[in-house]
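Let's take a friendly walk through this model, from its core to a helix and a hairpin. Here it is.

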Amino acid sequence: MSMIGAEVARRIALAAQGFADARPGGGVTRRHLGRVLDRVRLIQLDSVNVAVRAHYMPLFSRLGPYPSELVDDAAWTHSTRRPRMLVEYWAHEASLLPVADWPLLRWRMRDYEQRLGQRYASLLASSPGLLDDVLAAVKDLGPIGAGPLEQELGLAGRRAGGGWWNRSSVKHACEYLFAVGELTTGARRGFQRLYDLPERVLPPAVLATRLSDEDAIRELTRRAATAHGIATEPDLRDYYRIRPPERSRTAVAELVEAGELVEVTVAGWPAPAYRHVDARAPRQVSGRALLAPFDPLIWERDRTERIFGFHYRIEIYVPEPKRVYGYYVFPFLLDGELVARVDLKADRAAGTLRVRGAFAEPGVAEPRVAAELAAELAVMAEWLELDHVVAQDRGSLAPALRAVLR
């Protein structure tokens, strides 16, 4: 088993995620979106919109400014001239993934049908025929949100008993049907999901594709290995949240036997790692990027700490007095290292990107980091159609950042 240095492993991981590539010099197109997707494979969705919604940011981090309609059109608009590129499903979490990858998650749909059927038993018993009624209404009216469906079915205000955030029975039914693959997202209005039938969203060839659970999980593991470049088995398992662990371990062993993964030892890593045979290790990684909390480079926090020596936890759910860095913190990547973090808020009413806190990692050259960070914040503000960047005085990097911004 060969030994790989920690710095080499870091460069492999960055290259696999697209951070060793130069940003496009001209306008960003669907071709660039496809290139990013070939690397990261999926984009996580999240409802928080304090700075920018999570699914827009990974492309900006890798490509620089681009029209956000590029993602909207790829995910939620379909025409014969420009087929849909992305579809929603539970992959890592709620995610956008390439349309062709839908069949790879059918095993999860079957798992959900078994697990959630038990959880929904009381709802289904108390509302016989509800699932059929929802499907029929979506067929007639879709794409449609859960609220209008409630009105259509005469169930407005009716609540499912206990738990589940007091969602309505119709919303429960929609989410169940989404999880088992009988509904998908046809469009979004704002961030509201509008449900539709898969046959009106996905190509017939995709719907007709059937794979064994073993083949699908092996392929997902292969995709995770490509996206990571180098990873432990738990890293690979986490990318698509494959459970139980035995499924992932079997897939990894099969890919090793097939020669697609090579088992290696990475200095400082506590477990064996697996390098994809096509993963490259550039001599250096240059450039800068702000990373959203749900960027696939950093969403597995233990891996982030192992690769970058960067302890990162999202503090949205931490009471404000107990937060260390802030509500919605973006790590700052510079020349292949995570060197700082900033708590950002887009104040759209004031046309301002507000830096509520700026913190340098120990030992970094703060004047250069501040200058590069200020430049990237200016690019981000312009992309978000904000006129100013204003930094508050909280954090170790704030004085240097404020000086540059002035």
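The largest nonpolar core holds 112 residues, and Val134, Phe330 and Met380 have the most contacts inside it. Such a core is a set of buried Ala, Val, Leu, Ile, Met, Phe, Trp, Tyr and Cys residues joined through side-chain atoms within 4.5 Å; buried means under 20% relative accessible area with a 1.4 Å probe, protein chains only. Helix α15 (residues 366-383) gives the most to this core, with 8 residues. A second, separate core has 24 residues, including Phe19 and Ile307.

This is a predicted model: local features need pLDDT of at least 70, side-chain atom pairs count only at pLDDT 80 or more, and totals for chains, interfaces and linings use all residues. Residues are numbered from 1 along each chain as its sequence is written, and side-chain values use heavy atoms, without hydrogens and water.

In helix α13 (residues 245-257), Ser248, Ala251, Val252 and Leu255 are buried. They fall within an arc of 100° seen down the axis, so they line one face of the helix; the arc is that of the directions from the helix axis to the C-beta atoms. These buried residues pack against α11, α12, β8 and β9.

Now for the hairpin: 5 bridges join the antiparallel strands β5 (residues 184-189) and β6. Of the 5 residues of β6 (residues 192-196), 4 are buried, so this strand is largely enclosed by the rest of the structure. Arginine 189 stands opposite glutamine 192 in β6.

Two glycines take a positive phi:

| Glycine | Place | Phi |
|---|---|---|
| Glycine 259 | just after α13 | about 85° |
| Glycine 190 | hairpin of β5 and β6 | near 65° |

Helices (H or I, at least four residues) and strands (E, at least two) are DSSP runs, numbered from the N terminus.

Technical notes. Buried < 20%, exposed > 50% of the residue type's maximum accessible area, 1.4 Å probe, protein only. Contact = heavy atoms within 4.5 Å. Pairing = 2+ DSSP bridges.
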